[in-house]
Amino acid sequence: MNLVVVGCGYVGLANALGFAKLGHRVACVDADAGKVAKLDVGRMPFFEPGMPELLRSMQEAGRVVFTGDLGSVINGAEAALLCVGTPPSEDGAPDLSFVHAAADDIAKHLSHPLLLIVKSTVPCGTAAALRERFERAGKGDLVRLASVPEFLREGQALKDFFQPDRVVIGSDDGETRALVDSLHAGIEAPRLIMSHESAELAKYAANAFLATKVSFINEMANLCERTGADVRDVEDVLGSDPRIGADFLRPGIGYGGSCFPKDVGALHRMAGANGYDFRLLSAAIDVNNRQRERFVERLERTLGGVKGRRLAVWGLAFKGGTGDARASAAVDVVRALHGRGAEIVAYDPQATSAAADALPDGIIMAPTAVDACDGAEALVVLTDWAEFRDVSFDAVRERLLGPCVFDGRNLLADLGLPKKGFTYYGVGIQA
């Protein structure tokens, strides 16, 4: 097919390049002229493993182009994918202004039948509202509408595109569902067919459940610290149960990123707007917020205060494998430590620039993980970058003034750091 993808963020680019690889011809549209200019010359606007290489190969094959002018490409398209952002507004509800603007722009230029696929994460009723917008514009008879939520993980976006657990297709008519199914030819995964409303809600449900799972294991880790149990043993027992599974049973300083906090908050507000008190979500949100505070308080209590102390921080991204620092628990912890008077020297392989705007003045950025340790009284690990496990801890020990390691991700728990002369503090671990 000839496709138009509206929005060149993580979701938009992963879908654009993925469908191009499957043999479709894709035109990507974004209102950010700087982003379009970068992509046009083969430069990625963010870090995502595998995407730079796929971008170059698809451009060389002539299967993907970039533009800021929707009108120049929409009438050559058989399908369009809405992949624009839905950031939280002040009250926590998703801001649908970008979705509405994109739909209105399509309606303005549209003169032929089009399959419109909503990939953006949107609340129940959005598909119906979009249908009304097209009808008011006199284009309702030209548009077939489908809700196909994305389930991409940053750091693994391409893997999740080509090898998804499922493809959710929300639509009220069989022909539209068949068109969406044919678009995904070449992707071997179950097709889950449902209404627009179910597809819209299912995306929020998936992220909220996983976030709740994270908060549960964090509560267990906190209990382990009080009882003498080791959360790693508890993880093994829970993870080996097929009814529960091992994924997202990693305690630490809490979840973050561009999806979980936004989607959990949106679902919580959606429940309230429909007269339902979703108490489990309230608890998950509260636990996640308190987890950062507990980590900072434990560090401060153990060191006898942090004011005037130099601390080495490894990690600013919300998780390893991505340069994204949006709603990052690591950034929250750094801000809290800095606010208590600590001198922070931080290192992150990819997220330094992304985190800079969210960090207060005075945070020092180191060129390497070992350099961050120069003269520090403790090492604080806040992001689970795999490369941190490969650092020479003999070199780290030489650079640190104090031998303490506070591991907010339990990333280094099995490396035997106490035998190397460190005092190690994990989350829910009896060192």
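Two strands count as paired if DSSP finds at least two bridges between them. Keep that idea in mind as you explore this predicted model.

**Stop one: β2.** Select residues 25-29, which form strand β2. Is this strand mostly enclosed or open to the outside? Of its 5 residues, 4 are buried, so β2 is largely enclosed by the rest of the structure.

**Stop two: β3.** Now add residues 64-67, strand β3. Here β2 and β3 run parallel and are joined by 4 bridges. To see one partnership up close, click on Ala 27 and then on Val 65, its bridge partner in β3.

**Stop three: β1.** Next, highlight residues 2-6, strand β1. β1 pairs with β2 too, in the parallel sense, over 5 bridges. Pick Val 6 and look across: which residue of β2 stands opposite? You should land on Val 29.

While you have strands on screen, turn on the side chains. In a regular strand they alternate between the two faces of the sheet.

**Stop four: the connection.** Select residues 10-21, helix α1. Together, β1, α1 and β2 make a β-α-β unit, and this unit is right-handed.

**Stop five: Ile 187.** Jump to the loop between α7 (174-183) and β8 (191-194), where you will find Ile 187. Is Ile 187 buried or exposed? Its relative accessible area is 4%, and because the cut-off for buried is under 20%, Ile 187 counts as buried. Show its surroundings: leaving aside neighbours within four places in sequence, Ile 187 is in contact with Leu 22, Phe 161, Phe 162, Pro 164 and Val 167.

**Last stop: a distance.** Finally, draw a line from the C-alpha atom of Ile 187 to that of Asp 236; the two atoms are separated by 32 Å. Along the chain, these residues are 49 residues apart.

Terms used:
Residues are numbered from 1 along each chain as its sequence is written. This is a predicted model: local features need pLDDT of at least 70, side-chain atom pairs count only at pLDDT 80 or more; totals for chains, interfaces and linings use all residues. Side-chain values use heavy atoms; hydrogens and water are left out. Helices (H or I, at least four residues) and strands (E, at least two) are DSSP runs, numbered from the N terminus. Buried means under 20% relative accessible area, exposed over 50%, partly exposed in between (1.4 Å probe, protein chains only). Contact means heavy atoms within 4.5 Å. A crossover is right-handed if, with the strands pointing away from the viewer, the path from the first strand over the helix to the second runs clockwise.
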